[in-house]
Each structure stands twice: as structure tokens, then as C-alpha cells.
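Colleague: Please take me through this model, beginning with the packing of one pair of neighbouring elements.

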Amino acid sequence: MPTEFHNPALAPAGTAGADAGHAPTDPVSHSWTTLFSLVWFGYWMANLVPLQLLLPQQLEAIDPSSKVHDFAVVNAVSGLVALLALPLCGALCDRSRSRFGRRRLWVAAGSLWLAAGLAVTAQQTTVAGVTAAWAASMLGLSAATAGLTAMIADRVPVNQRGMVSSAIYGPQALGVVAGIALVSAFGLSPASGYLVIAALLILCAVPFLARYRDPAHSFEPPLRLLALLASMGNSLRNREFAWAFGGRLLVNLANSLGVCYTLYFLTDDLKVPDPAGSLLACTALYLVAGILATSVVGVLSDRLGRRRIFVALTALLQAIAGFLLAAFPNLTVTLVASAIMGAGFGAYMSVDQALITQVLPDADSRAQDLGIMNIGSVVPPALAPLIASLIITSGRGYPVLFALVGATAALGVLLVYRVRSVR
């Protein structure tokens with residue numbers, strides 16, 4: 001059984017660490033962590049398999065000549081919805097009252113809404129229909145994200161957060177690989193793929209929701225829009241919180257720019273004979289490297305009591321992957337870069353999540369502040385296709401896109417090192 005430790009270097013100083021004195025001290029069990037990881041496996045599958053495979057296939061079938069533009073529009077609209085919904089869902093999650101619990105309620109309701117959104121998206125036969133349905137799905141995604149990320153600050157002690165964050169981001173690539181493999185192995189159409197992914201999301205969420213109970217908490221006052229905007233502004237004016245947010249936004253954007261058009265890159269630029277098979281191979285390498293790096297780096301970060309150096313080095317790996325693809329755009333390098341990016345991004349997110357929970361400004365608004373921080377991980381996958389489509393359709397092509405991946409990740413490294421209150 002893990003024992004509690006106290007490392008002053010890990011406790012944020014001043015206002016940056018206002019939440020530190022309220023951190024839980026009772027360790028979470030291995031079974032709790034396993035079930036929590038299973039929820040995230042279903043969550044990542046439901047979120048990323050459509051972005052990586054189902055939406056591109058669906059839009060290509062609807063309008064093949066405008067698929068790049070259409071994919072960018074769909075993601076831009078859904079990104080705008082998530083941008084508004086994430087902090088709002090977080091603030092409402094902090095203020096919820098129910099016998100089912102507040103975090104638990106939002107995870108359950110969000111998962112059901114997201115599953116329903118996937119089912120509706122499956123039935124669309126126009127670009128406008130896909131755009132509206134996928135954007136509506138972001139409401140469920142935002143609600144589930146609010147509850148899940150707040151559970152870490154509510155329930156997990158600081159000395160276990162690297163390990164638990166690894167349990168969150170380790171399943172990310174696994175969920176994508178499992179989903180793509182399932183769709184490919186059974187030759188599922190995009191419509192059938194959405195339905196299968198929706199069912200798996202619910203199946204993965206039920207075991208954890210059946211066990212989890214929210215800890216006691218003090219209730220926040222009723223939500224008022226002006227008060228919410230003022231509170232969000234106060235959080236972003238906290239320098240440590242703002243630097244952490246900026247770093248997360250840029251590194252996630254770099255990763256999203258690197259993977260959002262992989263299927264079209266393989267099809268249209270490299271012209272590989274089996275794009276779907278090559279995509280699966282790239283994703284599998286991303287998965288294996290990500291799981292290995294995540295499982296090692298998260299635990300090592302806990303044991304050494306260090307966050308910043310690991311966050312910076314793993315972000316740097318993504319920069320290297322982007323520059324490699326920019327310089328040598330071929331299938332072999334794409335496979336190597338996929339492994340490097342998977343290792344970098346998986347390990348980055350596992351430690352960065354732990355770092356972020358240590359710079360929350362206010363213990364009473366954890367879900368709201370994490371909702372702001374989640375903008376940095378949920379909005380970039382939606383924004384990246386718009387940016388990438390402008391580069392691709394302008395004639396500059398994929399090398400410039402991948403160079404931007406490297407530069408964006410490198411800038412993220414610099415912002416991470418502006419966080420001074422966490423080692």
C-alpha cells in the first residue's frame with residue numbers, strides 16, 4: 001500500500017499553490033486506478049477514433065473533392081463548442097448537488113450524451129449534418145471531461161498523481177489502436193464504427209461509476225455569468241497557471257497538427273498502397289512507444305519529486321518528430337516519427353496532468369479551473385485541422401505542416417520552464 005510523503009518542492013508556493021493544502025492524503029488503490037484507466041480508455045476511443053478515422057472516411061464518402069476543407073470546418077465548429085463548454089461544465093460541476101454525486105453525475109451524463117452524439121453522427125449524409133452532430137457531441141465530451149479531471153484533484157494525493165496520470169494517458173493511443181483495428185478487422189462502415197465505439201464507451205464507464213463515491217465537499221454559490229468570467233480571468237492572471245496552460249495548449253496543438261491528417265498524408269502525399277493499413281501501423285507504433293514511456297516516466301516523476309524536467313523533455317521529443325517528418329517525408333520516417341511522437345506525447349501528458357493539479361489557484365473551483373486547462377487538450381485537436389488545411393491547400397504542403405509541429409512543440413517547452421513553483 002502506498003504511503004503518504006511530503007515533498008515541499010512539489011508544493012506550489014504562494015497563490016500558485018492555493019489548492020495544495022487541500023490535496024487528499026489517502027492513497028488510491030490499484031483497483032481504483034485500473035477502473036479509472038478503463039473509463040479513459042473508452043473516453044479516448046470515443047473522442048479520437050472519429051477524428052483519426054471515422055470522420056475523414058465519412059467526409060470523403062460525402063464530398064471527396066473537398067474532404068480536407070470539410071474536415072477542417074467540422075473540427076473548427078466542434079472546437080468552438082468545446083471552448084465554451086469546457087469551463088462552463090467545470091463551473092457547473094463544482095456547484096452540482098445530487099444523490100448520485102457531483103463528479104460522478106457529470107461523468108455519467110457526459111458519457112451518455114457523447115454516446116448518443118456518436119450514434120447521431122453515424123446517420124448523417126451531409127457535411128452540415130456531420131458538423132452539427134459532432135459539435136453537439138462535444139457537449140457530452142466536455143461534461144465527462146469536467147468530472148473525470150476533477151476526480152484527480154479530489155481523490156488522488158500528490159505523490160500518486162504521476163502514476164494516476166499515466167493511467168489516464170497510457171490508454172490514449174491504446175484506445176485509438178483498438179478502435180481502428182476493430183473497424184478495420186471487421187470491415188465496418190463509418191456508420192457502424194460510430195455505433196460500436198459508442199457502446200464500448202458506456203461499457204468502459206459503468207464499472208468505475210458503479211464504484212466511485214464523491215468525497216465530501218463545500219458547495220459553491222449559484223453560478224452567475226459575470227462571476228464565472230471574473231473567476232476565469234483571475235485564474236488566467238495567476239502566472240503559474242497561465243504558463244502551464246500555455247505550455248499544454250502548444251504541445252497539444254503540435255501533436256494534433258502532427259496526426260490530424262495522417263490518413264490523407266499517407267493517401268495523397270506518400271501514395272502508399274494501403275493507407276488504412278499504414279495508418280494502423282503508425283498508430284500501433286505510437287501506442288507501444290506511448291505506453292512504455294508513460295508507464296516509466298509517470299512513476300519516475302513521482303519517485304524523484306520532479307515534474308518540469310520530464311514535461312520539457314517529453315515535449316522536446318514531439319518537436320524532434322515534427323522536424324524529422326519535415327526533412328524526410330517518407331513512410332519509414334513516418335513510422336519512426338510516430339513512435340517518437342507517441343512516446344513524447346504520452347509521457348508529456350502523464351506528467352503534465354500531475355503538474356497542472358499542483359498549480360490550481362483555488363481548491364473550491366477545481367473543476368472550473370481544470371475546465372479552463374482542458375481547453376488546452378480538447379480544443380487543439382479541433383483547431384489543428386483548420387490550420388493544417390490552410391497550409392496543405394495553399395500549396396506549401398506537408399513538410400511545412402510538420403515543421404510547424406516541431407516549432408510549436410519547442411515553444412511549448414519554453415513555456416513549461418516558466419512554471420517556477422513546481423520542480
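Colleague: How are α9 and α10 oriented to each other?

Modeller: In this predicted model, the axes of helix α9 (residues 262–269) and helix α10 (residues 275–304) come within 9 Å and cross at roughly 135 degrees. Angles over 145 degrees would count as roughly antiparallel and those from 65 to 115 as roughly perpendicular. The crossing angle falls in neither class, and α9 and α10 are therefore oblique to each other.

Colleague: How many nonpolar, polar and charged residues form the contact of α9 with α10?

Modeller: The crossing of α9 and α10 is right-handed. From α9, Thr 262, Leu 263, Leu 266 and Thr 267 meet Pro 275, Ala 276, Ser 278 and Leu 279 of α10. By class, this contact has five nonpolar, three polar and no charged residues.

Colleague: Which helix gives the largest share of the largest nonpolar core?

Modeller: That core holds 118 residues, of which Trp 32, Phe 36, Leu 118, Leu 148, Tyr 261 and Tyr 398 touch the most other members. The largest share, 16 residues, is supplied by helix α1 (residues 30–62).

Colleague: Which residues does Leu 148 contact, leaving aside its neighbours within four places in sequence?

Modeller: Leu 148 is among the core residues that touch the most other members. With those sequence neighbours set aside, its contacts are Phe 36, Val 39, Trp 40, Tyr 43 and Val 107.

Colleague: What percentage of the residues in the chain is buried?

Modeller: The secondary structure comes to 14 helices and zero strands. Among contacts with a separation of 6 or more, 86% join residues 24 or more positions apart. Of the 423 residues in the chain, the buried share is 59%.

How values were computed:
Residues are numbered from 1 along each chain as its sequence is written. This is a predicted model: local features need pLDDT of at least 70, side-chain atom pairs count only at pLDDT 80 or more; totals for chains, interfaces and linings use all residues. Side-chain values use heavy atoms; hydrogens and water are left out. Axes are lines fitted to C-alpha atoms, for helices over the stretch in contact, and angles run from 0 to 180 degrees between N-to-C directions. Helices (H or I, at least four residues) and strands (E, at least two) are DSSP runs, numbered from the N terminus. Angles under 35 degrees count as roughly parallel, over 145 as roughly antiparallel, 65 to 115 as roughly perpendicular and the rest as oblique. A crossing is left-handed if the near helix is turned anticlockwise from the far one by less than a right angle, and right-handed if clockwise. Contact means heavy atoms within 4.5 Å. Ala, Val, Leu, Ile, Met, Phe, Trp, Tyr, Cys and Pro count as nonpolar, Asp, Glu, Lys and Arg as charged, and the others, Gly among them, as polar. A nonpolar core is a set of buried Ala, Val, Leu, Ile, Met, Phe, Trp, Tyr and Cys residues joined through side-chain atoms within 4.5 Å. Buried means under 20% relative accessible area, exposed over 50%, partly exposed in between (1.4 Å probe, protein chains only).
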